[in-house]
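Biologist: Got a minute to go through this model with me? I'd like to start with one of the helices and what packs on it.

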Amino acid sequence: MIETKAYAAQDENTPLAPWTFERREVGPNDVQFDILYCGVCHSDLHQIKNDWFPGIFPMVPGHEIVGRVVKVGENVKGFKVGDLAATGCMVDSCRVCENCKRDLEQYCLNGSSQTYNGLEQDHKTPTYGGYSNTIVVNQDFVLHLKEGVDLAAVAPLLCAGITTYSPLRHWKVGKGHKLAVLGLGGLGHMAVKFGVAFGADVTVLSTSPKKEEDAKKLGAHHFVVTTDPKQVEAAKNTFDFILDTVSAEHDFNMYLSLLRTDGVHICVGVPPKPAQIAAFSLLGGRKSLAGSGIGGIKETQEMLDFCAENNIVSDIEMIDIKDIHTAYDRMEKGDVRYRFVIDMATL
Ligand code: NAP
Ligand code: ZN
Ligand code: ZN
C-alpha cells in the first residue's frame, strides 16, 4: 500500500486537517502520479458540508489534479515515469453501459466513481481526492497535459474547464449567439473564456458590481448587475443561452425572463435546495431548462488540447494548504478571483 499525506475532513462539522491514509498499490492498468497542484472547486465545499447528500468521511476533497507520473503498471500505454498527468472528477466507470460506450462516463448508468466522496467500481472502497501528495488512477481516467503549460493554472480546467466547455459544445454555442454567463466564479470565468473563443456575444450576469472590470478583461462584451432592477429589465428577452453557474439559491423565474424565444437555461451550478420554477416562465417563449454534468474523458482531453492550442488557462490565486478555510470563506462570499489552487508542496 502507498502511504499518502492529505488534508481531510473527519466529519461535516470538523475543519480540514492533516491526515494520512493508504492508497492501493499500482495495479497493471494504473498510473501513480505525485500531485503538484489541486484546484479548489465550490463542489469541495458543498460536499464537506453535506450540502447535497451525506458524505463519506474522512473526506479528502479535490478533483482538479495535476502532477507527474512516478510509477506505471505493466499494461499502461501512453504514460511513463516523468510524464505530466491529470485527473478530474472521475476515476472510473463501468465501461459497458450505453453511456460509457458513448464516451459519456459522467452519466454512467451503473454509477461512475467520483474522484472523492465516492466508491471505486467494487462499490465498496472509498475514493480520496487531490488534497493529497499522490494518487493512483486507472490509465483510462488519466489525462495528458502538454509540457510547457502553466500547470497551476491548468489544474482548474479539469473541473471548471470541462464543466463549462461541454455544455457550450453540446448546444453548439458560437457565432451569432448571445450567451449569458450567470455567476462569475471558477466555472463562470471559464465559461466566459470559452464563450468568447467560440465566437459568441458574451454577457456576464453578476451580483458583484466590482467584477465588471475583470469580466471585460476576461473577454466578456457586456456586464449586467442582477441586483439592479433597471439593468435586469433592459436585459429581458435577449439571450439565446444562459449558463447558470450559481452555487446558492436564486430566482430561476427572473433569469428565465432574460431568454429569447426558444432560449435555453443550462444549469451547471448545484445549489443545495431545489428551485421553484413556474411553468409560465417556460411556456411563454417555448424556453428550455436543461442541465449538464462535467464531461466525458474523451471530451476532457479534447478540451485540454483546445486550451493548450488557444492559450486558455484559469485565472488563479495560489494558496498554501493551511489557508484552505480562508479560501472557502471567500468562496462562500462570491469572492474568488477566479479559482484558488493549492500548491501541494505546502502539504
Ligand atoms: P464559485 O467559484 O463560488 O462561483 C459561484 C458564483 O456564483 C459566485 O462567484 C457568484 O458570482 C455567484 N453566486 C453565488 N451566490 C449567488 C447567489 N445567491 N445568487 C446569484 N449568484 C450567486 O463556484 P464554482 O466552483 O464556480 O461552482 C459553481 C457551482 O457549480 C457550484 O454549485 C458547484 O458545486 C457546481 N459545479 C457543478 C459541476 C457540474 O458538473 N455541473 C461541476 C463543478 C461545479 P457573482 O459574484 O458574479 O454573482
Ligand atoms: Zn468541481
Ligand atoms: Zn457505465
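Modeller: Sure. The buried residues of helix H11 are covered by, among others, strand S1 (2-8), strand S3 (30-40), helix H1 (42-48), strand S15 (316-319) and strand S16 (339-343). Helices (H or I, at least four residues) and strands (E, at least two) are DSSP runs, numbered from the N terminus.

Biologist: Before we go on, what sort of model is this?

Modeller: A predicted one: local features need pLDDT of at least 70 and side-chain atom pairs count only at pLDDT 80 or more, while totals for chains, interfaces and linings use all residues. Residues are numbered from 1 along each chain as its sequence is written, chains are lettered from A and ligands numbered from 1 in the order in which they are written, and side-chain values use heavy atoms, leaving out hydrogens and water.

Biologist: Back to H11, then. Which of its residues are buried?

Modeller: In H11 (residues 324-332) those are Ile324, Ala327, Tyr328 and Met331. Buried means under 20% relative accessible area, exposed over 50%, and partly exposed in between (1.4 Å probe, protein chains only). Seen down the axis of H11, they fall within an arc of 100°, so they line one face of the helix. That arc is taken from the directions from the helix axis to the C-beta atoms.

Biologist: And what does glycine 334 do just after H11?

Modeller: Glycine 334 takes a positive phi of about 75° there.

Biologist: What is valine 40 in contact with?

Modeller: Skipping neighbours within four places in sequence, valine 40 is in contact (heavy atoms within 4.5 Å) with Glu64, Tyr131, Ile319, Ile324, Tyr328, Met331, Arg339, Phe340 and Ile342.

Biologist: Which residues touch the most other members of the largest nonpolar core?

Modeller: Phe33, Val40, Tyr131, Leu179, Phe194 and Ile324, in a core of 88 residues. At least three of its residues come from each of domain 1 (2-159 + 295-346) and domain 2 (161-291). A second, separate core has 13 residues, including Leu205, Val232, Ile242 and Val246. A nonpolar core here is a set of buried Ala, Val, Leu, Ile, Met, Phe, Trp, Tyr and Cys residues joined through side-chain atoms within 4.5 Å.

Biologist: How far apart are the centres of the two domains?

Modeller: 27 Å, taken over C-alpha atoms. In contact across the two are 23 residues of domain 1 and 23 residues of domain 2. The bounds come from an automatic or database domain assignment.

Biologist: Now the metals. What are the protein donors of the zinc ion (ligand 2)?

Modeller: Cys41 (SG), His63 (NE2) and Cys159 (SG), at 2.0 to 2.2 Å. Cysteine 41 lies in the loop between S3 and H1, and histidine 63 in the loop between H1 and strand S4 (65-72), so the pair ties together parts that are 22 residues apart in sequence. Donors are N, O and S atoms within 2.8 Å of the metal (3.2 Å for Na, K and Ca); water is not among the atoms, so sites may look incomplete.

Biologist: Are cysteine 41 and histidine 63 buried or exposed?

Modeller: Buried: cysteine 41 has a relative accessible area of 3%, and histidine 63 comes out at 7%.

Biologist: What about the zinc ion (ligand 3), which donors does that have?

Modeller: Cys94 (SG), Cys97 (SG), Cys100 (SG) and Cys108 (SG), lying 2.3 to 2.4 Å away. They follow the spacing C-x2-C-x2-C-x7-C along the chain. The site is tetrahedral, with angles of 102 to 120° among the four donor atoms; four donors count as tetrahedral if all angles lie between 85 and 135 degrees.

Technical notes: Tetrahedral: all angles 85-135°; square planar, octahedral: opposite > 155°, others 65-115°.
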